[in-house]
Amino acid sequence: MNETEPPEKGNPPSVLAAETLYKRFRAGSAAVPVLSGAGMIFREGLCYTIRGVSGSGKTTLLHLLAGLEAPDSGRVLYRNQDISRFSRKRLAGWRGRAIGLVFQAYHLLPELTALENVNLPAMLFGERDAKPGWALLEAVGMIHRCNHRPWELSGGEQQRVAIARALRNDPEILIADEPTGNLDEGTGLEVIDLLLDLQRSRGKTLVLATHDSRLARMGDRQLVLTGGKLEPSDRPLVPPTSASAPSSSSGEPRHAPESQSFLRESENPSLLP
Ligand SMILES: Nc1ncnc2c1ncn2[C@@H]1O[C@H](COP(=O)(O)OP(=O)(O)OP(=O)(O)O)[C@@H](O)[C@H]1O
Ligand SMILES: [Mg+2]
């Protein structure tokens, strides 16, 4: 496996892959399994939506994909490179450049203006040019609010600014965790339309977790996180109660069964070791 591996069967190349991810958390003396073999190849330029009941592990999965947390076992591959092998510094640099994050609660810095918030990810890399921030505020329809602080903006306006910020370093991958979760239905739809427009026109890969089945249907690939695994979205939603992390002698298959054509394509085992 290497970075120059050609895309199979006309599929776009893999940009990010979750390979058999297991993750459990401690709750007192008990270990709570959350992910139990979640796997998926995320391909260039496509939008993947992930639904799942509250507590099913959507945020946990997105954190692993962004390298914010490490799995107990399994790997996250960025263009076929195992991100767990990156040094701490390289991981932070990779995340800052390759990944744009959008959160439910916007997470704008209150002391900064909209323009400063958008330009912050570039400033962290020593880039001082404000012009790309202007262009992004224009693209999200917020140029008229460039000097406003987050608390002077509505929720929908703050999320537009946050989307502009996520795009500031021109990342290949956008990861959005319930980006409309704090918004009313109409505003949420406007924000999601904007996000999808920008994702498609700029050729980004978008991984989007949402509770909203209407939003989920907008994805090119619609997944559900159920029982700790990623499945096609026609599966019922059940929380991960009985799943457990594998031992080296468990004999479990490394790859989940593939049950739908897009999963067959997207989880092409030839891309996995
Ligand atoms: N740092 C942590 N320590 C302990 N338990 C955690 C931690 N993070 C998440 N969990 C637990 O893992 C499970 C999955 O949480 P997660 O936030 O990933 O779910 P979710 O699908 O995003 O839920 P929601 O739809 O409510 O956002 C939950 O039971 C949660 O309590
Ligand atoms: Mg969540």
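How many bridges join strand β3 to β9, and do the two strands run parallel or antiparallel? Select residues 47-51, which form β3, and then β9: four bridges join the two strands, and they run parallel. Before going further, keep in mind that the model on the screen is predicted.

**The whole chain**

Colour the protein chain by secondary structure, and eight helices and 10 strands will appear. Of its 273 residues, 43% are buried. If contacts are restricted to those with a separation of 6 or more, residues 24 or more positions apart account for 72% of them.

**The six-stranded sheet**

Return to β3 and extend the selection to its sheet, which is open, has six strands in the order β6-β7-β8-β3-β9-β10, and shows mixed pairing. At the edges lie β6, residues 99-103, and β10, residues 229-232, each of which pairs on one side only. On average, and with direction ignored, neighbouring strands of this sheet are turned by 20° against each other.

Next, select β9, residues 221-226, together with β10; the two run antiparallel and are joined by four bridges. Among the residues to label here are L225, which stands opposite L230 in β10, and T226, whose bridge partner in β10 is K229. On the β3 side, pick T49, whose bridge partner in β9 is Q222. Between β9 and β10 there are two residues, and the strands form a hairpin; in the turn, G227 has a positive phi of about 60°. With β9 still selected, consider its surroundings: five of its six residues are buried, so β9 is largely enclosed by the rest of the structure.

**The shell around ligand 1**

Now centre the view on ligand 1 and show the residues around it, which are F25, V32, V34, G52, S54, G55, S56, G57, K58, T59 and T60. Grouped by character, this shell divides into three nonpolar residues, seven polar and one charged. Two elements worth colouring separately are β2, residues 30-43, and α1, residues 58-65, each of which supplies at least two residues of the shell. Of the contributors, α1 gives the most, with three residues.

**The largest nonpolar core**

Hide the ligand and turn to the largest nonpolar core, which has 62 residues; within it, Y48, L65, I163, A164, I175 and V207 touch the most other members. In soluble globular proteins, nonpolar side chains tend to be buried together. For a closer look, select A164 and display V118, L136, L137, A139, V140 and M142, which A164 touches when residues up to four places away in sequence are not counted.

**Two loop residues with positive phi**

The last stops concern backbone torsions. Most residues other than glycine have a negative phi. Against that background, go first to Y106, which is not a glycine and yet has a positive phi of about 70°. This residue lies in the loop between β6 and α3, the helix of residues 114-123. Is Y106 buried or exposed? With 20 other C-beta atoms within 10 Å, Y106 is buried.

Finally, move to E178, in the loop between β7, residues 173-177, and α6, residues 185-201. E178 has a positive phi of about 45° although it is not a glycine, and with 21 other C-beta atoms within 10 Å it is buried.

Terms used
Residues numbered from 1 in each chain as written. Chains lettered and ligands numbered in written order. Predicted model: local features only at pLDDT ≥ 70, side-chain atom pairs only at ≥ 80, totals over all residues. Near = placed C-beta within 6 Å. Nonpolar A, V, L, I, M, F, W, Y, C, P; charged D, E, K, R; others polar. Pairing = 2+ DSSP bridges. Axes fitted to C-alpha atoms, helices over the stretch in contact; angles between N-to-C directions. Core = buried A, V, L, I, M, F, W, Y, C linked by C-beta atoms within 7 Å. Buried ≥ 20, exposed ≤ 12 C-beta atoms within 10 Å, placed from the backbone. Contact = placed C-beta atoms within 7 Å.
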